[in-house]
Amino acid sequence: MRTRPFRQPDVFTDTPTRGNPVAVVLDGQDLDGEAMQRFARWTNLSETTFVLPPTAEGAAGGADYRVRIFTPGGELPFAGHPTLGTCSAWLAHGGQPRRAGGIVQECAIGLVPIRAEGERLAFAAPPLQRSAPSPMLLSKVAAALGLKASQIEAAQCLDNGPVWLGLLLDSPDTVLALRPDHAALKALGQKVGVAARTDAQDAGAPPLIGRANREARAFGARGSAAAAAARAAPTVDLEVRAFAAPIGVEEDPVTGSLNASLAQWLIADGLMPARYVAGQGQCLGRDGRVHVAQDASGQIWIGGDVADCIEGRVRV
């Protein structure tokens with residue numbers, strides 16, 4: 001063990017404790033996978049990352065650094081909020097991009113471009129493979145979630161490194177009311193992301209009752225405090241939740257990889273516009289915002305604010 005620089009930013013929020021934290025060990029050299037996994041279990045966060053020099057192949061492709069990403073239950077080839085959180089921590093620690101115009105992260109799925117959008121960071125969504133789920137799997141997952149068939153508008157198996165079963169549900173209220181059987185989902189070995197479109201897409205403004213309920217869930221507030229929070233936060237176009245019991249995380253507060261694959265699916269099928277804001281984390285007392293944008297080339301970017309929370313050193 002030795003002392004290493006450490007940061008713990010909160011991702012997809014500009015307010016500490018309202019997003020999804022990630023533990024970032026900024027010097028992961030000479031740590032093996034077992035030591036990394038042990039530390040990730042100890043942090044008990046949805047993800048812990050370890051920053052390393054890029055491989056020779058990664059450096060040749062322009063990588064600024066390499067990252068390994070661990071949940072309490074195992075290593076991931078890619079994850080979204082750790083990508084933004086690690087990049088923010090690396091920059092704050094003095095990291096200098098090799099090329100103007102962006103940062104390149106190397107991880108198990110390959111190279112991931114990251115760009116600055118004002119003070120916000122955004123990563124390029126990795127390529128997505130998707131397919132229709134089997135009726136048997138869909139039936140078992142619906143039962144574990146307590147869903148009726150009529151409440152599921154569309155479903156896809158989504159793979160951009162992490163694999164999710166994506167469900168588009170009939171309303172945000174259905175999404176927020178879910179009380180999953182996490183043991184059943186773990187037995188199925190299936191991570192599930194659920195989402196529902198809100199009225200804000202059509203009305204151009206947040207629905208009064210639905211938005212007030214949403215803010216009350218997130219902030220535990222009433223009256224003027226909840227109303228003020230609702231006015232300050234960006235309108236939410238898609239309500240999202242992520243259930244990941246198979247990797248040791250019953251519900252993830254705000255999930256970049258899932259939102260990336262949802263965006264690629266829903267935009268391609270005309271179910272969401274090319275630019276929107278997703279909200280996630282309300283049932284856990286969080287209030288994450290994921291900013292989705294498709295550029296002229298068709299590339300989808302997943303952006304979010306990052307709030308600094310903890311800076312120090314750890315013995316690993």
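In the unreviewed UniProt entry, the annotation "active site" covers Glu 47, and the surroundings of this residue are described here from a predicted model. Glu 47 lies in the loop that runs between helix α1 and strand β4. Its relative accessible area is 7%, and because burial is assigned under 20%, Glu 47 counts as buried. When neighbours within four places in sequence are left aside, the contacts of Glu 47 comprise Pro 21, Val 22 and Ala 23, then Ile 69, Phe 70, Thr 71, Leu 76, Ala 79, His 81 and Pro 82, and finally Asp 252.

The helix that precedes this loop, α1, spans residues 33-43, and within it Ala 35, Met 36, Gln 37, Phe 39, Ala 40 and Thr 43 are buried. The cover over these buried residues includes strands β1 (3-11), β3 (23-25), β4, β5, β6 (74-76) and β19 (306-315). Asn 44 follows α1 and adopts a positive phi, near 60 degrees.

Aromatic side chains form a further element of this region. A search of the whole structure returns six aromatic pairs. One of them joins Phe 50 to Phe 70 in an edge-to-face arrangement, with 5.9 Å from centre to centre and 85 degrees between the planes. This pair links distant parts of the chain, since Phe 50 belongs to strand β4 (residues 48-52) and Phe 70 to strand β5 (residues 65-71), 20 residues apart. Phe 50 and Phe 70 are both buried, and Phe 70 is also among the residues in contact with Glu 47. Ring pairs extend the arrangement into a cluster of Phe 6, Phe 39, Trp 42, Phe 50 and Phe 70, of which Phe 39 is one of the buried residues of α1.

Charged groups are also placed over aromatic rings. Arg 115 lies over the face of Trp 301, at 4.1 Å from the ring centre, while the charged end of Lys 191 sits over the ring of Trp 164, 4.5 Å from its centre.

A second region of interest is formed by strands β10 to β13. Strand β10 (residues 129-131) pairs with β11 in the antiparallel sense over three bridges, and in this pairing Gln 129 stands opposite Asp 159 of β11. Strand β11 (residues 152-159) in turn pairs with β12, again in the antiparallel sense, over seven bridges. Asp 159 thereby has a partner in β12 as well, namely Val 163, and Ile 152 stands opposite Leu 169 of β12. The two strands β11 and β12 make a hairpin with three residues between them, and Gly 161 in the turn has a positive phi of about 120 degrees.

On β12, the pairing with strand β13 (residues 192-197) is parallel and extends over four bridges, with Leu 165 opposite Val 192 of β13. In a regular strand the side chains alternate between the two faces of the sheet. Strand β12 covers residues 163-169, and six of its seven residues are buried, so the strand is largely enclosed by the rest of the structure.

Ser 257, located in helix α10 (residues 256-268), provides a link to this strand region. The relative accessibility of Ser 257 is 4%, and the residue therefore counts as buried. Apart from residues up to four places away in sequence, Ser 257 touches Phe 78, Ala 79, Gly 80, Asn 160, Pro 162 and Trp 164. Among these partners, Ala 79 is in contact with Glu 47 as well, and Trp 164 carries the charged end of Lys 191 over its ring.

At the level of the whole chain, the model contains 10 helices and 19 strands, and 54% of the 316 residues count as buried. Of the contacts between residues at least 6 apart in sequence, 69% join residues at least 24 apart. The exposed area of the chain is about 13300 Å², of which carbon and sulfur atoms supply 51%.

Methods
Residues numbered from 1 in each chain as written. Predicted model: local features only at pLDDT ≥ 70, side-chain atom pairs only at ≥ 80, totals over all residues. Heavy atoms only, no water. Buried < 20%, exposed > 50% of the residue type's maximum accessible area, 1.4 Å probe, protein only. Pairing = 2+ DSSP bridges. Contact = heavy atoms within 4.5 Å. Areas by Shrake-Rupley, 256 points an atom, 1.4 Å probe, with all protein chains shown as cover. Phe/Tyr/Trp six-rings, centres within 6.5 Å; stacked < 30°, edge-to-face > 60°. Lys NZ or Arg CZ within 6 Å of the ring centre and 35° of its normal. UniProt positions renumbered as here; feature names shortened; annotations may be inferred.
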